[in-house]
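Welcome, and thanks for taking a look at this one with me. My notes are set out as numbered points, so you can keep the structure open beside them.

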Amino acid sequence: MNQLVRPPRLAPGARVAVVAPSGPVPEERLQAGLDILRGWDLDPVVAPHVLGRHRELGYLAGTDEQRAADLRSAWCDPSVAAVLCARGGYGAQRMVDLLDWDAMRAAGPKVFTGFSDVTVLHQAFATRLGLVTLYGPAAAGVDFLKNAGTQEHLRATLFEPESVRTVTAVPPGGTALVPGRARGVTLGGCLSLLASDLGTPHAHPGARGGLLLMEDVGESPYRLDRYLTQLLRTGWLDGAAGIVLGSWAACGPYGELRAVFADRLGGLGVPVVEEFGFGHGEGALTMPLGVQAELDAEAGTLTLDEPALS
């Protein structure tokens, strides 16, 4: 797995576009997120359908075509330095095939952030555009709006990426399920989306040579077992160099989850660190995808060879 192209970091005054490729966004949360971005001396612009809602399918922020057009237009706007997803939810899988990848590639590299359902787009940006992306908080996400640590880690990654080249697990997490060190290129995201994206045109063909990041929300232990088993049976986990497990909010007692992870991942023979502190939990870290890094499972650190952004 190869290191991807690092987009330029942001500078004060940069214009950033907020899009909603998946679920609808409450207006009050959007406005609160925009206020935070303006406080960072950014110039946020809101895509036309961020506050939209599909007429029949209320879990979508507008039609698939509208959501795809918003993302494509924002990405291809030369005045926009970054595209930030307002939230996750569901719907990225429905619109990813409608994007004009040739036009987006021609627009050049820029920052892309989001998490959860946006996993589908992170994979596509890696395989279609060859770009490093940021698996981090949503611009209108509850944790982002309320948690100063989450805000600061994203801000530092965007503006001063060399200051967060070593990402350290949020205490008291970051313990070694399987001890050891490993090197590889980071990939991954939300486990259920990684499983449901298998075999599609934009998904990573596998985790070979990579440091795999995984987290999820609201999935019971047997469902997490199902997703991991699917990844194992397809060979997608073959050759993974190491695994970084994030938060598992509302997924059940952690002892039960830990037993699943040990059973399904322990046999891979690679370092596995648990409760690293990214994803749907409180105080979520921003995790770069597509960068060469070293995992130290016992220390609970992920050290990037280079800053995530250039």
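The points below go through the sheets, then the pockets, then the cysteines.

1. A word on the source before anything else: what you have on screen is a predicted model. Please keep that in mind for each point that follows.

2. Let us start with the sheet of eight strands. This sheet is open, and its strands follow the order S6-S14-S13-S8-S9-S10-S11-S7. The pairing in it is mixed. At the edges you will find strand S6 (166-168) and strand S7 (175-178), each of which pairs on one side only. From one strand to the next, the twist averages 30°.

3. Strand S8 (residues 181-190) is a good place to stop within that sheet. Eight of its 10 residues are buried, so S8 is largely enclosed by the rest of the structure. With strand S13 (residues 292-296), S8 pairs in the antiparallel sense, over five bridges. To find this pairing on screen, look for Ala182, whose bridge partner in S13 is Leu295.

4. S8 also pairs with strand S9 (residues 210-217), here in the parallel sense and over six bridges. Two residue pairs help to locate this contact. Thr186 stands opposite Leu211 in S9, and Gly189 stands opposite Met214, also in S9. S9 itself is mostly covered, with seven of its eight residues buried.

5. Moving along the sheet, S9 and S10 run parallel and are joined by six bridges. Asp216 has Trp248 as its bridge partner in S10. S10 in turn pairs with strand S11 (residues 272-274), in the parallel sense over two bridges. In that pairing, Ile243 is matched with Val272 in S11.

6. Next comes an open sheet of six strands, in the order S2-S1-S3-S4-S5-S12 and with mixed pairing. Which strands stand at its edges? They are strand S2 (43-46) and strand S12 (287-289); each has a single partner strand, so one side of each is left without a neighbour in the sheet. Neighbouring strands here are turned by 25° against each other on average, direction ignored.

7. For a closer look at the six-stranded sheet, try strand S1 (residues 15-19) and strand S3 (residues 82-85). These two run parallel, and four bridges join them. Val18 is a handy marker, with Leu84 as its bridge partner in S3.

8. Now for the pockets. The largest pocket has a volume of about 290 Å³. It is lined by 17 residues, of which Phe115, Gly141, Val142, Asp143 and His280 are the closest to its centre. Helix H6 (residues 142-146) gives the most to this lining, with three residues. By type, the lining divides into six nonpolar, seven polar and four charged residues.

9. The second largest pocket holds about 220 Å³ of space. Among the 16 residues that line it, Gly246, Ser247, Trp248, Glu275 and Gly277 are the closest to its centre. Strand S10 (242-249) and helix H10 (254-265) each supply at least two lining residues, and the largest share, four residues, comes from S10. Eight of the lining residues are nonpolar, six are polar and two are charged. You have met Trp248 already, as the bridge partner of Asp216; in this pocket Trp248 is one of the lining residues closest to the centre.

10. Finally, the cysteines. How many disulfides does the structure hold? The count is zero. A disulfide is a covalent bond between the sulfur atoms of two cysteines. Cys76 is in no disulfide, and the nearest cysteine sulfur, that of Cys85, is 15 Å away. For Cys85, the closest cysteine sulfur is in Cys190, at 14 Å, which is too far for a bond; the cut-off used for a disulfide is a pair of sulfur atoms within 2.5 Å.

11. One last question about these cysteines: are Cys76 and Cys85 buried or exposed? Cys76 is partly exposed, with a relative accessible area of 30%. Cys85, by contrast, is buried, with a relative accessible area of 1%.

Key
Residues numbered from 1 in each chain as written. Predicted model: local features only at pLDDT ≥ 70, side-chain atom pairs only at ≥ 80, totals over all residues. Heavy atoms only, no water. Buried < 20%, exposed > 50% of the residue type's maximum accessible area, 1.4 Å probe, protein only. 1 Å grid on protein atoms, 1.4 Å probe; cavity = no way out; pocket = protein on both sides within 12 Å on 5 of 7 lines; lining within 4 Å. Points joined across faces, edges and corners; volume = space filled by probe spheres on them. Nonpolar A, V, L, I, M, F, W, Y, C, P; charged D, E, K, R; others polar. Pairing = 2+ DSSP bridges. Axes fitted to C-alpha atoms, helices over the stretch in contact; angles between N-to-C directions.
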